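Student: Please take a close look at the salt bridges, and then follow them to whatever lies around them. I would like one connected answer, with each term explained where it comes up.

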Amino acid sequence: MPTRIPKPEDFNHLSPSLCISLVFPEVPETTTAILILFHGLGDSETPFATFAKNLNLPGVLAISVRGVSPLPPALLGLPDSEAARPTKHFHWGDDLTISTSTGDLDPDPGFSKAERLVMGKLIRETLIGKCGWETNDILLFGFGQGGSLALGLSSRIREGEEVVDVTEGDVTTGTSFKGAVSIGGPLPASMTPTRSAREKSRTPILICHGRSSESLEEDAVDFLKKEFIDVREVTWKKSDDSMPTSRDEMLPIMQFFAERLRGW
């Protein structure tokens, strides 16, 4: 299928299961790559659409995706008046569970629903099936829990998708993305293939975190290096894993995007 520029109406069938915000290049016809953004726990797609607009990557269509489930008002500690309004706070997990070891929300609640909707409906059915793009045209960016989803999808995709070719029989296609960036989000074990003889994922990844990160500590980084061929790590001077707020923090992300957009 020839590649064509996606139109807003191409995504209408995703709603209400998956809500997105599109940010087209200034000249949509110049689109040569796609960036999918995943917000953090308790956020929504709107701020990340603004972030994508500020990135202003040339020739890149940005798709900011809303988390697949709303956070319960009680968990947010909102007053009753606020809790009665439509929520603006979402998450990516299959459930909200408390870790028995830390007492905090489990960082790996399972991402089956998000995988089915994002990988199955948005990427394979819409971007590839309808519009003719390939997985190596697609970049992923996520923050916190959204970063874990970006890494998890990049891990899962190494298994590819079996399609039947009339001349070659069963063929596995689309086994890597153009690249993925995670801010403070580790790779979920639940999104790692269980085969002991599995190959490493070929999707290049960049992880960014603060110097006192609890999510991307040494063991989490080692786990990534066991599962991915190309892992770049940036440790910021600040202690936490918050979104980048300075030129120095953004520079390695922009350099990674620039390199990946020149490749393939």
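Tutor: R4 is partly exposed, at 32% relative accessibility, where partly exposed is the range between buried (under 20% relative accessible area) and exposed (over 50%), found with a 1.4 Å probe and with protein chains only as cover. This is a predicted model, in which local features need pLDDT of at least 70 and side-chain atom pairs count only at pLDDT 80 or more, while totals for chains, interfaces and linings use all residues. Residues are numbered from 1 along each chain as its sequence is written, and side-chain values use heavy atoms, with hydrogens and water left out.

The partner of R4 is D10, and the closest N and O atoms of this salt bridge are 2.8 Å apart; the term stands for a side-chain nitrogen of Lys or Arg within 4 Å of a carboxyl oxygen of Asp or Glu. Side chains of opposite charge can pair when their charged atoms come close. The two ends of this pair sit in unlike surroundings, because D10, at 8% relative accessibility, counts as buried, whereas R4 counts as partly exposed at 32%.

In total, the structure holds eleven salt bridges. One of them joins R66 to E45, with 3.0 Å between the closest N and O atoms. This pair links distant parts of the chain, since R66 lies in the loop between β3 (60–65) and β4 (69–70) and E45 belongs to helix α1 (residues 45–55), 21 residues away; helices (H or I, at least four residues) and strands (E, at least two) are DSSP runs, numbered from the N terminus. Here R66 is partly exposed, with a relative accessible area of 24%, while E45 is buried at 8%.

Another salt bridge brings the side chains of E115 and R156 together, at 3.2 Å from N to O. It too connects distant parts of the chain, with E115 in helix α4 (residues 112–130) and R156 in helix α5 (residues 145–156), 41 residues apart. R156 itself is partly exposed, with a relative accessibility of 22%. Elsewhere, D230, R232, E259 and R260 are linked in a network of salt bridges.

The helices α4 and α5 also lead us to the interior, as both are among the elements that give two or more residues to the largest nonpolar core. That core has 40 residues, and those with the most contacts inside it are I36, F38, L122, L140, L153 and L224; a nonpolar core is a set of buried Ala, Val, Leu, Ile, Met, Phe, Trp, Tyr and Cys residues joined through side-chain atoms within 4.5 Å. In this core, α4 gives the most, with seven residues. In soluble globular proteins, nonpolar side chains tend to be buried together.

Helix α6 is also one of the elements that contribute two or more residues to the core, and D222 has its place in this helix, which spans residues 218–227. D222 is partly exposed, with a relative accessible area of 34%.

Finally, strand β11 (residues 231–235) contains T235, which is partly exposed at 44% relative accessible area, and T235 comes to 5.7 Å from R211, C-alpha to C-alpha, although 24 residues separate them in sequence. E233 has its place in strand β11 as well, and its C-alpha is 5.0 Å from that of I207, with their positions 26 residues apart in sequence.
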